[in-house]
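Subject: Structure for your files

Hello,

Please find the structure below, with the sequence. My notes come after it.

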Amino acid sequence: MEHDILIGMEVHVQLNTKSKLFCSCPTNATEPNTVICPTCLGHPGSKPVLNALALEWATKLALAIGCTIAPSVVFSRKTYFYPDLVKNFQITQYEEPLGSNGQITLDSKQLVRIKRLHVEEDPGALIHESGGTLIDYNRSGIPLCEIVTEPDMHSPAEVREFMKKLLSVVSYLGIFDQDTCVIKADANVSIKERNFQRVELKNITGFKEIERALHYEIQRQKQQEVKRETRGWNAEKGISYSLRDKESEEDYGYIVEPDLPVFEVSHDWVKEIQKKIPELSEQRAARWVRTWKIDQTDARIIAADLDVAVLFETIAKKAEPLLSSRWVRREVLRLLNDQRKELKETAFEAESLSELFNLLSQKKITDRIGQRLIEQLAERKFSPVKYVKEQNLGMVVDEEVLRKECHTAIAQNSKAVEDYKKGEEKSLQFLIGQVMRATKGKASPAVIRELLLKLLG
Ligand SMILES: [Zn+2]
């Protein structure tokens, strides 16, 4: 199938190792320029030493997304001048990347082919302030894994899905920490109307920004002449801007890094790493479907976010798994989505949610009260059982009380009663709503419906 929009991604994922890629400097720092040494400052005579854990984690990721692992790992120097690059070259991988020919499958079954995956060091960070630019070399030498895709995505939404899937994999592997690690992306974008002339968008940070930048760039290309170039993204103004004519990889004058040996990758070592790969989100979802018979789509959506998956699994051991999965998918995730929040930015926790779900499955409260409580549980921790008791929110089951409310609703809404008798189903819904309101949402709509039907003959 021919597509109108082609998007390929280059994603840089920071690996959450305790020390940098080629020296023993720690990766966590609060004050600028405090975790630096002769190696990550590129002083003469300093020599890089490879962090074995970074190589192991990158291999783990490569295997998890189906890449073939290179038989040997060779590092190269990518030469260019920029103030954040202390040595005037970056140690990366060029000719043969650690991993190649992998893939990530989108929900539509569409494949996003992974061209290459390699390990490299991060340069320092430029901090632009009024009056000048400051450089923080704490980031110099931080281990990154670069993942390059083929231009297999065709909309910003597909890119978002791809990024989410990649984030899910690195979170499950435990090699990336969303609180402390950075994900940056470059995107190449081209459209049919401009003969697929490629434009590269550089250094976009954050998922929402990536989507926003792509929307903007696609619109821009539809409206303007397009030349082969590299563009930056100004998040504040919401526009992309020309940085330079696109350079090609050959322009960088790569040479093999003479201070690092060639690392032979043995078959046994790869096998050992393969064994360490934990259950990933799709396998976890499949397990839930198998053991708890929960809906496939619900399982997949809940498992995609590791934090939500862990929350759900804890709840499902204390409350009915099927009911819990529905409520987590429909209410908890909806709320996170509406408020554009991550789970950890809310007060949700397994203890109170499982209490709530138990109240629901035992029919002690109505769904409406359940929804109201979920909203409050997002804000603060409390015991739903105690709260329902204190606030008298338990389901009204006294049929006499309900019948009385139904009589009142019928007496006060003669027009709706008439309409219903003429065959308008909507009017019955209206009457149910009146009784629900009178009982403050504490009565079961199904029971009210039955009573009303009886009374209306
Ligand atoms: Zn260092």
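What follows goes through two sheets, the helices on one of them, one residue and a helix pair. Please bear in mind throughout that this is a predicted model.

The nine-stranded sheet

An open sheet is formed by 9 strands, and its pairing is mixed. Read across, the strand order is 2-6-7-10-1-11-12-13-14. Strand 2 (68-69) and strand 14 (239-245) are the edge strands, each pairing on one side only.

Within this sheet I went through several of the pairings. Strand 1 and strand 11 are antiparallel and share 9 bridges; in that pair, Met9 lies opposite Ala187 of strand 11. Strand 11 is also paired with strand 12, again in the antiparallel sense, over 5 bridges. There, Lys184 has Thr205 of strand 12 opposite. Strand 13 and strand 14 run antiparallel and are joined by 6 bridges, with Thr230 opposite Arg244 of strand 14.

Two helices pack on this sheet. Helix 1 (residues 52-64) touches strand 2, strand 6 (99-105), strand 7 (111-121) and strand 10 (143-149). The direction of helix 1 makes about 175° with that of strand 7. Helix 3 (residues 207-223) packs on the sheet as well, touching strand 1 (5-14), strand 11 (183-191), strand 12 (199-205), strand 13 and strand 14. For helix 3, the angle between its direction and that of strand 11 is about 20°.

Glu229

Is Glu229 buried or exposed, or does it fall in between? Glu229 belongs to strand 13 (residues 229-234). It has 15 C-beta neighbours inside 10 Å, and therefore counts as partly exposed. A residue would need 20 or more such neighbours to be buried, and 12 or fewer to be exposed. Along the chain, Glu229 and Arg198 are 31 residues apart, while their C-alpha atoms are separated by 7.4 Å.

The three-stranded sheet

There is also an open sheet of 3 strands, in the order 5-4-15, with antiparallel pairing. Its edge strands are strand 5 and strand 15, each of which pairs on one side only. Strand 4 (residues 76-79) and strand 5 (residues 89-92) run antiparallel and are joined by 4 bridges. In strand 5, Thr92 is the bridge partner of Ser76, and Gln90 is the residue opposite Lys78. Strand 4 also pairs with strand 15 (residues 255-256), in the antiparallel sense and over 2 bridges. Here the bridge partner of Arg77 is Ile255 in strand 15.

Helix 12 and helix 14

How do helix 12 and helix 14 pack? Helix 12 (residues 399-412) and helix 14 (residues 425-438) make an angle of about 125°, and their axes are 9 Å apart. Helix 12 and helix 14 are therefore classed as oblique to each other. Their crossing is right-handed. On the helix 12 side, the contact is made by Glu405, Cys406, Thr408, Ala409 and Ile410. Helix 14 contributes Leu431, Gln434, Val435 and Ala438. By type, the residues of this contact comprise 6 nonpolar, 2 polar and 1 charged.

That is the end of my notes.

Regards

How values were computed. Residues numbered from 1 in each chain as written. Predicted model: local features only at pLDDT ≥ 70, side-chain atom pairs only at ≥ 80, totals over all residues. Axes fitted to C-alpha atoms, helices over the stretch in contact; angles between N-to-C directions. Parallel < 35°, antiparallel > 145°, perpendicular 65-115°, else oblique. Left-handed = near helix turned anticlockwise from the far one by under 90°. Contact = placed C-beta atoms within 7 Å. Nonpolar A, V, L, I, M, F, W, Y, C, P; charged D, E, K, R; others polar. Pairing = 2+ DSSP bridges.
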